[in-house]
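User: I would like to go through this model and ask what stands behind each label. Please give the reasoning with each reply.

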Amino acid sequence: MHNFSYLEEILTNLKNDGLYRELREVSSAQSPLSTINGKEYIIFCSNNYLSLANHPRIISAAKKAIDKYGCSASASRLISGSMTPHLKLEGNFAKLLSKEAATLFTSGWCANQAVITTLPQKGDILLLDKYDHASIVDAAKESPADFRTYRRENLSKLEKYLASSKYNRKFIVTESIFSMDGDMANLDELVRLKEKYGAILILDEAHSLGCMGKDGAGFAQERGLLEKVDIIVATLGKALGASGAIVAGEAIVKEFLVNKSRGLIYTTAPPPSNSAAALEALEIIKGENDRRERLWKNSDYLRRKLKEARFNVGKSSSYIIPVIIGDDFKVVEIANRLFKRGLFVPAIRVPTVPRGEARLRISLQADHTKAQLDMLLDALVEIAN
Ligand SMILES: Cc1ncc(COP(=O)(O)O)c(C=O)c1O
């Protein structure tokens, strides 16, 4: 008997509950057609929304940066790890997001941890959408501030907390496009409420950066509300085809994060080649509007067809389209059958979504072809309807 035998019981329970998870090996670049476990699959699960992850210009920018700066920053940002591409990227993002300053983190997870555990203080309250991403929820649990959740369909509970005089400061934290439902926050109303009650609004643009707004700055730009949002968090590992994440806000926010956030101080800075890749991605996004157009056209088409075939796509209004199945076992069975046909659509279960709302989560890319979308539709109609 080894010391980890207790884990076996927990894993067996996961298997019995249909909640067991496994890693797969992807041995190609991330594109609609990818190689997994040695076979070709059409993937409907990557966040490579603009199909930029293996764009030749981005690859070339990263290679050039490796030639010049090497593969690693080799130190925390606070020691010797703040390199020229990092600083250039921060400058460009501050401009793009209409903020005084931007700070680069190793991942969106680290960025949310930093913002949410560092800025709010004891006596403050964090107000989270009930379905905010795990990186936001886990950070809120660690924060010295209290935290509560509200439902985005009815903001009266949020307003009740905002109106309370019990707290020093109130922070509203929302995603722009919700990662498991593909719907969007009511940003106009959140801005109205935050202004009425003097709250601070933090917007996680993980799934919208690059894909919305005239310059690809995201949902806040699309809604004409960039200046009204106090802090924007945006990961570079999705539409931008790189990795790392940006926090943009007032200069004092950056100063504070640099001095206090453990997720910046106690981790190695992202590889400089990643920042070079993200810089090039921003240029491509500025110059190639058709990528966004193709992405939105694909999502409008697939959602319409799924609805016509009477699938429940929930509240989706974006390129994240859930097909809600309900049962944990059934969703895994459908996903497995799709996989056997060369279609990779992940089964999402508890705890990522509420019990009884297990779903297939389809995420689309600009480079998906109509034939690929039709193949998925036909297979779904045959297997799941
Ligand atoms: C809304 C949201 N925020 C943050 C993250 C974390 O970003 P990263 O993958 O860069 O850690 C994700 C996804 O992973 C996300 O969906």
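User: What makes this sheet open, and in which order do its strands run?

Analyst: The model is a predicted one. Its seven strands follow the order E3-E9-E8-E7-E6-E4-E5, with mixed pairing, in an open sheet. E3 (101-105) and E5 (146-150) are the edge strands; each has a single partner strand, so one side of each is left without a neighbour in the sheet. From one strand to the next, the twist averages 20 degrees.

User: How do you know that E6 and E7 are paired?

Analyst: Pairing requires at least two bridges between two strands. E6 (residues 170-175) and E7 (residues 200-204) have five bridges, in the parallel sense, so they count as paired. In one of these bridges, isoleucine 172 has leucine 201 of E7 as its partner.

User: Which strands does helix H10 lie across?

Analyst: H10 (residues 251-260) lies across E3, E8 (231-235) and E9 (245-249). Its angle to E3 is about 30 degrees.

User: What makes a residue part of the shell around the ligand?

Analyst: The test is a C-beta atom, placed from the backbone, within 6 Å of the molecule. The ligand is surrounded by 13 residues, and the closest are Ser107, Gly108, His133, Ala206 and Thr235. Helix H5 (residues 108-118) gives the most to this shell, with three residues. By class, the shell holds three nonpolar, eight polar and two charged residues. Gly108 is listed among the closest, and glycine counts as polar in this scheme.

User: Why is the crossing of H4 and H12 called left-handed?

Analyst: The label applies if the near helix is turned anticlockwise from the far one by less than a right angle. The axes of H4 (residues 84-96) and H12 (residues 272-287) cross at roughly 35 degrees and come within 8 Å. H4 passes H12 in the left-handed sense, so the turn of the near helix is anticlockwise. On the H4 side the contact is made by Pro85, His86, Lys88, Leu89, Asn92 and Leu96, and on the H12 side by Pro272, Ser275, Ala276, Ala278, Leu279 and Leu282. These residues divide into eight nonpolar, three polar and one charged. Lys88 belongs to the contact, and lysine counts as charged.

User: Where do the two domains lie in the chain, and what makes up their contact?

Analyst: Domain 1 covers 25-54 + 289-384, and domain 2 covers 56-287. Taken over C-alpha atoms, their centres are 26 Å apart. The contact takes 21 residues from domain 1 and 20 residues from domain 2. On the domain 1 side, helix H13 (289-308) and strand E10 (320-326) each supply at least two residues. E10 gives the largest share of that side, three residues. The side of domain 1 that touches domain 2 has ten nonpolar, eight polar and three charged residues.

User: How do you know that E2 pairs with E11 as well as with E1?

Analyst: The threshold is at least two bridges. E1 (residues 33-36) and E2 (residues 39-43) pair in the antiparallel sense over four bridges, and leucine 33 stands opposite isoleucine 42. E2 and E11 (residues 343-344) have two bridges in the parallel sense, so this pair also meets the threshold. There, isoleucine 43 has phenylalanine 344 as its bridge partner.

User: What lies between E1 and E2?

Analyst: Two residues separate E1 from E2 in a hairpin, and asparagine 37 in the turn has a positive phi of about 45 degrees.

How values were computed: Residues numbered from 1 in each chain as written. Predicted model: local features only at pLDDT ≥ 70, side-chain atom pairs only at ≥ 80, totals over all residues. Axes fitted to C-alpha atoms, helices over the stretch in contact; angles between N-to-C directions. Contact = placed C-beta atoms within 7 Å. Domains from an automatic or database assignment.
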